[in-house]
Structure formats: structure tokens, C-alpha cells
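Visitor: I would like a close look at a single part of this structure, please. Pick one place to start, and then lead me from there through whatever surrounds that place.

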Amino acid sequence: MEAAAELRAGMAAPAMPTAFEELFRREYGRVVNIAYRIVRDADAAEDVAQDVFVSFYRKHPADAGYTGAWLHAAAVHTALNAVRARDRRGRHETDHARDSAAIAEPEHAAERQETRDEVRAALARMDERSASLLALRASGLSYEEIAAALGLRKSSIGTLLRRAEDAFRKEVTR
């Protein structure tokens with residue numbers, strides 16, 4: 001609101017710090033990919049990334065040593081919250097990425113969509129840490145990166161992932 005009033009008054013908004021621009025360019029793709037793995041919608045993933053970067057910009061210095069870990073963890077948490085909010089509102093998600101085989105075989109496309117919906121619903125029912133572990137690992141992060149993102153010891157990630165996988169199996173078969 002204040003920024004809009006400043007622009008109307010002819011005052012320019014403050015320039016983005018160079019360090020933050022560099023951080024944004026370096027991490028944006030990874031944050032969007034992590035969010036996309038959870039929400040499975042490109043627009044929603046970009047919205048999540050925007051929320052994450054705005055939140056980080058308001059509260060943290062761009063040159064902090066924890067930037068990547070914080071952004072990755074925040075992407076998971078924000079994306080999971082978006083999925084939970086979508087489920088609470090009862091909206092049905094549409095899958096925008098259909099391949100030619102899916103169009104040729106609608107029963108297989110429906111099965112794949114149902115499986116995706118079951119996975120997202122199971123993740124939404126799981127505790128935050130377990131869902132975050134699975135989402136970060138599925139996004140290709142190493143044990144070390146997962147540990148940094150979630151504030152855990154690297155040596156405990158394997159065990160915690162195993163427990164998260166067991167909990168996920170229970171949720172899926174529920």
C-alpha cells in the first residue's frame with residue numbers, strides 16, 4: 001500500500017539490493033522446482049516461490065550463510081500449506097502437463113492423475129517434517145542439503161527418510 005502511494009506521488013520504490021538479486025537469480029529455479037514437486041502446477045509453484053522470496057527479503061540479509069537452506073525449507077513448507085489450503089477449499093487440481101500417450105489412453109491418464117492426487121493427499125496428512133523430508137529428497141537434494149534446509153544432523157537424514165517413507169506408505173494404504 002505504501003509503495004503504491006509512493007509511486008503515485010512520483011517517488012520511486014527503493015532499488016533491489018544487488019546481493020538479493022544475485023540470490024534470487026541463483027536460487028529461484030530450485031525454489032520453483034521444489035514447490036512444483038509438491039503442488040504440481042507451474043503457476044502455483046511460481047506463486048509459492050514469490051511468497052518465499054518476499055518473506056526472505058523482508059526478514060533476512062541476502063548474504064546470510066543459511067540462504068539456500070532457508071529458501072528450500074520455506075519452499076517445502078509454503079507448498080505444503082498451499083496444497084492443504086487447496087484441499088480445504090475442495091478445489092480440484094487440473095494437470096497441465098499431458099503427454100500424447102495420456103491423450104491417446106484416457107484411462108491411463110485418469111489412473112496417473114488419481115495416483116498423483118493420492119500422493120498429494122497422503123503428504124498433506126503427514127506431519128510437516130516427514131512430508132518435507134520426502135519432498136526435498138524427491139526434488140533431488142542431497143542428505144547434506146536436506147539436513148541444512150530442515151536444521152537436522154546429516155547423519156540422521158537416512159533414518160528419518162526411512163521413517164517418513166514408512167509413514168507415507170501407511171497414509172497411502174489408509
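**Helix 6 and its surroundings**

Guide: Let us start with helix 6, which has 20 residues and reaches 28 Å from its first C-alpha to its last, close to the 28 Å expected at 1.5 Å a residue. Please keep in mind throughout that this is a predicted model. The buried residues of helix 6 are Gln113, Arg120, Ala122, Leu123 and Ala124. Three of these, Arg120, Ala122 and Ala124, will come back as we look at other parts of the chain.

Arg120 and Ala124 lead us to helix 4, where Val83 lies. Setting aside neighbours within four places in sequence, Val83 is in contact with both Arg120 and Ala124, and also with Ile38 and Val39. Val83 and Ala124 are 41 residues apart in sequence, while their C-alpha atoms are 6.9 Å apart in space. Is Val83 buried or exposed? Val83 counts as buried, because its relative accessibility is 3% and the cut-off for buried is under 20%.

Ile38, one of the contacts of Val83, takes us on to the largest nonpolar core. This core has 41 residues, and Ile38 is among those with the most contacts inside it, together with Val31, Leu71, Val76, Leu133, Leu136 and Ile146. Helix 6 (106-125) is one of the elements that give two or more residues to this core; the others are helix 2 (18-39), helix 3 (42-59), helix 4 (67-89), helix 7 (128-138), helix 8 (143-150) and helix 9 (157-172). Helix 4 gives the most, with nine residues. As background, nonpolar side chains in soluble globular proteins tend to be buried together.

Val76 is a good place to pause inside the core. Not counting residues up to four places away in sequence, Val76 touches Ile34, Ile38, Ser132, Ala135 and Leu136. Ile38 thus appears among the contacts of Val76 and among those of Val83.

A short step along the chain from there is Arg40, in the loop between helix 2 and helix 3. The backbone there deserves a glance: Arg40 has a positive phi of about 55 degrees although it is not a glycine. With a relative accessible area of 27%, Arg40 is partly exposed.

Ser132 and Leu136, which we met as contacts of Val76, also take part in the packing of helix 7 on helix 8. Two packed helices are described by the angle between their axes and the distance between the axes. For helix 7 and helix 8 the angle is about 140 degrees and the axes are 10 Å apart, and the crossing is right-handed. On the helix 7 side, the residues that meet helix 8 are Arg129, Ser132, Leu133, Leu136 and Arg137; on the helix 8 side they are Tyr143, Ile146, Ala149 and Leu150.

Within helix 8, Ile146, Ala147, Ala149 and Leu150 are buried. Seen down the axis, these buried residues fall within an arc of 165 degrees, so they line one face of helix 8. Just after helix 8 comes Gly151, which takes a positive phi of about 70 degrees.

Helix 9 brings us back to where we began, since what covers its buried residues includes helix 6, along with helix 7 and helix 8. Helix 9 has 16 residues and reaches 22 Å from its first C-alpha to its last, close to the 22 Å expected at 1.5 Å a residue. Ile157, Leu160, Leu161, Ala164 and Glu171 are buried in helix 9. They cover an arc of only 100 degrees around the axis, which puts them on the same side of helix 9. On the other side of helix 9, Arg163 and Lys170 are exposed.

In the segment after helix 9 you will find Thr173, which is exposed, with a relative accessible area of 67%. The C-alpha atoms of Thr173 and Ala122 are separated by 9.2 Å, although the two are 51 residues apart along the chain. Ala122 is one of the buried residues of helix 6, so this closes our circuit.

Finally, here is the whole chain around that circuit. The secondary structure comes to nine helices and zero strands. Buried residues make up 35% of the 174 residues. Of the contacts with a separation of 6 or more, 63% are between residues 24 or more positions apart; the pair of Val83 and Ala124, 41 residues apart in sequence, showed you such a separation at the start.

How values were computed:
Residues numbered from 1 in each chain as written. Predicted model: local features only at pLDDT ≥ 70, side-chain atom pairs only at ≥ 80, totals over all residues. Heavy atoms only, no water. Core = buried A, V, L, I, M, F, W, Y, C linked by side-chain atoms within 4.5 Å. Buried < 20%, exposed > 50% of the residue type's maximum accessible area, 1.4 Å probe, protein only. Helix = DSSP H or I, 4+ residues; strand = E, 2+ residues; numbered from the N terminus. Contact = heavy atoms within 4.5 Å. Expected span 1.5 Å × (residues − 1). Arc of directions from axis to C-beta. Axes fitted to C-alpha atoms, helices over the stretch in contact; angles between N-to-C directions. Left-handed = near helix turned anticlockwise from the far one by under 90°.
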